[in-house]
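Grab a coffee and try these exercises with the structure open beside you. Each one gives a task, then walks through a solution.

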Amino acid sequence: MATPPGARDSVDMRLRRGARPTPTHPHPAPAGQPTVLTGATVVLPTGTVENGQVTIDGTRIATTAPENAQVIDVTGHYVLPGFVDIHNHGGGGASFTSGSVEDILKGIHTHRLHGTTTLVASTVTGDMDFLTQRAGLLSELAEQGEIAGIHFEGPFISPCRKGAHSEELLRDPEPTEVRKLIDAARGRAKMVTLATELPGGIDSVRLLAEHGVIAAIGHTDATYEQTVEAIDAGATVATHLFNAMPPLGHRSPGPIAALLEDDRITVELINDGTHLHPAALRLAFHRAGADRVAFITDAMDAAGFGDGRYWLGPLEVEVADGVARLLTNGTIAGSTLTLDRAFKRAVTVDGLPVGNAVQALSATPARLLGMSDRIGSLEPGKDADLVLLDAHYDLKGVMRRGEWVVGPQLH
């Protein structure tokens with residue numbers, strides 16, 4: 001089960017005690033030695049390059065290789081930019097909502113082992129005082145560079161579409177309440193999910209936009225017209241499209257139609273085979289396009305860990321055969337997905353071109369976070385964040401900021 005909240009000393013203190021995860025595979029070259037990956041199928045913003053190469057010098061991707069560079073032949077493999085997850089609640093048996101700093105670092109490292117080199121930590125509905133405390137702790141981790149920021153999913157959501165959130169802790173998205181979380185995050189809040197049809201919802205969308213925080217429409221019972229109003233007010237993301245919102249109807253189209261048809265909206269999709277039918281995923285891609293789709297995990301503690309009993313905020317969850325459901329009523333409670341699995345499924349089951357899947361896993365979420373100058377694509381000057389896959393799209397290596405987290409495993 002997830003670790004309950006404990007004593008909260010500073011992140012710096014805990015990192016000094018050795019809480020920072022260490023790679024499970026040794027770096028194949030001396031620290032700091034430039035590296036050239038050759039012979040790969042390299043996925044670039046301009047297209048896929050056969051027999052390409054990627055040069056890493058220090059923490060960055062470089063244009064040319066120094067004379068002392070180590071050359072690694074990765075023929076028969078794909079090299080992709082590191083994955084970017086903007087909606088993730090935990091993994092490795094650890095919760096970002098309730099775990100200790102050591103737990104959170106364990107969860108982050110678990111997802112790095114699966115190719116996620118940039119991650120936004122998501123909370124779930126809780127008491128406001130507790131959420132503001134968590135915001136302070138997570139903001140320290142963001143300042144350390146362990147996470148890219150904080151996503152607050154709840155408590156400002158509809159009781160009609162609450163999903164795996166505690167109904168008694170829900171509240172209307174009044175701007176004064178939303179502002180408390182923004183302030184507690186100390187500039188590290190990246191996104192807030194709102195049911196924008198609730199009292200205060202539209203004003204809170206405007207507040208978030210003014211502070212440079214993504215207003216995401218989700219866990220909503222809004223009509224088509226109410227959703228359009230929220231988009232016009234500044235909302236730019238659909239939280240896990242199709243899930244926790246009214247279904248698409250031909251007389252009452254609801255939020256899904258409004259979110260898909262508006263070019264200002266990027267839609268999150270959970271591609272785990274449980275949350276979405278492949279036809280629904282293809283519909284979203286067909287209407288929105290790869291530049292408006294962000295694959296997410298919506299992962300909870302069990303991701304990369306296994307079946308069993310866990311806590312998601314104050315609610316108990318049972319994970320069986322990799323599917324997480326509330327113990328009380330069987331409602332789906334996040335996922336156990338990792339982004340390497342989302343990529344493989346997108347290409348092998350959903351039939352997406354490799355370039356489109358890469359865009360949805362890397363470039364589009366990087367743009368949403370305002371970080372596309374540093375991450376999201378394999379271009380000179382950007383962080384050396386990359387994923388190595390074999391011909392079957394199975395993960396064989398992960399590099400983050402020039403250091404191998406996994407592999408490369410070439411035999």
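**Exercise 1. Find where alanine 244 sits and decide whether it is buried, partly exposed or exposed.**

Solution. Keep in mind throughout that you're looking at a predicted model.
- Step 1: Go to the loop between β13 (237-238) and α7 (254-261); alanine 244 is there.
- Step 2: Check its relative accessible area, which is 23%. Buried would need under 20% and exposed over 50%, so alanine 244 comes out as partly exposed.
- Step 3: Look at the backbone. Most residues other than glycine have a negative phi. Alanine 244 isn't a glycine, yet its phi is positive, about 60°.

**Exercise 2. Do the same for aspartate 321: which loop holds it, and is it buried or exposed?**

Solution.
- Step 1: Aspartate 321 belongs to the loop that links β17 (315-320) and β18 (323-326).
- Step 2: With a relative accessible area of 75%, aspartate 321 is exposed, since the cut-off for that class is over 50%.
- Step 3: Aspartate 321 is another non-glycine with a positive phi, this time about 55°.

**Exercise 3. Locate the cis peptide bond before proline 155 and the one before proline 408.**

Solution.
- Step 1: Recall the usual case: most peptide bonds are trans.
- Step 2: Glycine 154 and proline 155 are joined by a cis bond, with omega about 15°. Proline 155 is in the loop between β10 (149-153) and α4.
- Step 3: From glycine 407 to proline 408 the bond is also cis, and omega is near 5°. Proline 408 comes in the segment that follows β21 (403-406).

**Exercise 4. Describe how helices α3 and α4 pack: what is their crossing angle, and which residues make the contact?**

Solution.
- Step 1: Take the axes of α3 (residues 128-143) and α4 (residues 175-184). They come within 8 Å and cross at roughly 25°.
- Step 2: Angles under 35 degrees count as roughly parallel, and α3 and α4 are therefore roughly parallel to each other.
- Step 3: List the contact residues. α3 supplies Met128, Leu131, Thr132, Ala135, Gly136 and Ser139, while α4 supplies Glu177, Lys180, Leu181 and Ala184.
- Step 4: Sort them by class: five are nonpolar, three polar and two charged.

**Exercise 5. Work out which residues of helix α9 are buried and how they are arranged around its axis.**

Solution.
- Step 1: In α9 (residues 339-348), the buried set is Leu339, Asp340, Ala342, Phe343, Ala346 and Val347.
- Step 2: Look down the axis of α9. The buried residues fit within an arc of 160°, so they line one face of the helix.
- Step 3: Follow Phe343 inwards. Phe343 is among the residues that touch the most other members of the largest nonpolar core, along with Leu241, Leu269, Phe285 and Phe295; that core has 95 residues.
- Step 4: Pick leucine 269 to see what this looks like. Beyond its sequence neighbours up to four places away, leucine 269 touches residues including Leu241, Phe242, Leu276, Phe285 and Phe295.
- Step 5: Don't miss the second, separate core: it has 15 residues, among them Ile61, Leu378, Ala384 and Met399.

**Exercise 6. Find out which residues of helix α5 are buried and what covers them.**

Solution.
- Step 1: α5 spans residues 201-210, and Gly201, Ile202, Ser204, Val205, Leu207 and Leu208 are its buried residues.
- Step 2: The cover over them includes α4, β11 (189-194), β12 (214-217) and α6 (224-233).
- Step 3: Just past the end of α5, glycine 212 has a positive phi of about 70°.

**Exercise 7. Decide whether glutamate 268 is buried or exposed, and name some of its contacts.**

Solution.
- Step 1: Find glutamate 268 in strand β14 (residues 266-270).
- Step 2: Its relative accessibility is 1%, so glutamate 268 counts as buried.
- Step 3: Leaving out residues up to four places away in sequence, glutamate 268 touches His87, Met191, Val237 and His240, among others.
- Step 4: Check one pair. Glutamate 268 and valine 237 are 31 residues apart along the chain, and their C-alpha atoms are separated by 7.3 Å.

Notes:
Residues numbered from 1 in each chain as written. Predicted model: local features only at pLDDT ≥ 70, side-chain atom pairs only at ≥ 80, totals over all residues. Heavy atoms only, no water. Axes fitted to C-alpha atoms, helices over the stretch in contact; angles between N-to-C directions. Helix = DSSP H or I, 4+ residues; strand = E, 2+ residues; numbered from the N terminus. Parallel < 35°, antiparallel > 145°, perpendicular 65-115°, else oblique. Contact = heavy atoms within 4.5 Å. Nonpolar A, V, L, I, M, F, W, Y, C, P; charged D, E, K, R; others polar. Buried < 20%, exposed > 50% of the residue type's maximum accessible area, 1.4 Å probe, protein only. Arc of directions from axis to C-beta. Core = buried A, V, L, I, M, F, W, Y, C linked by side-chain atoms within 4.5 Å.
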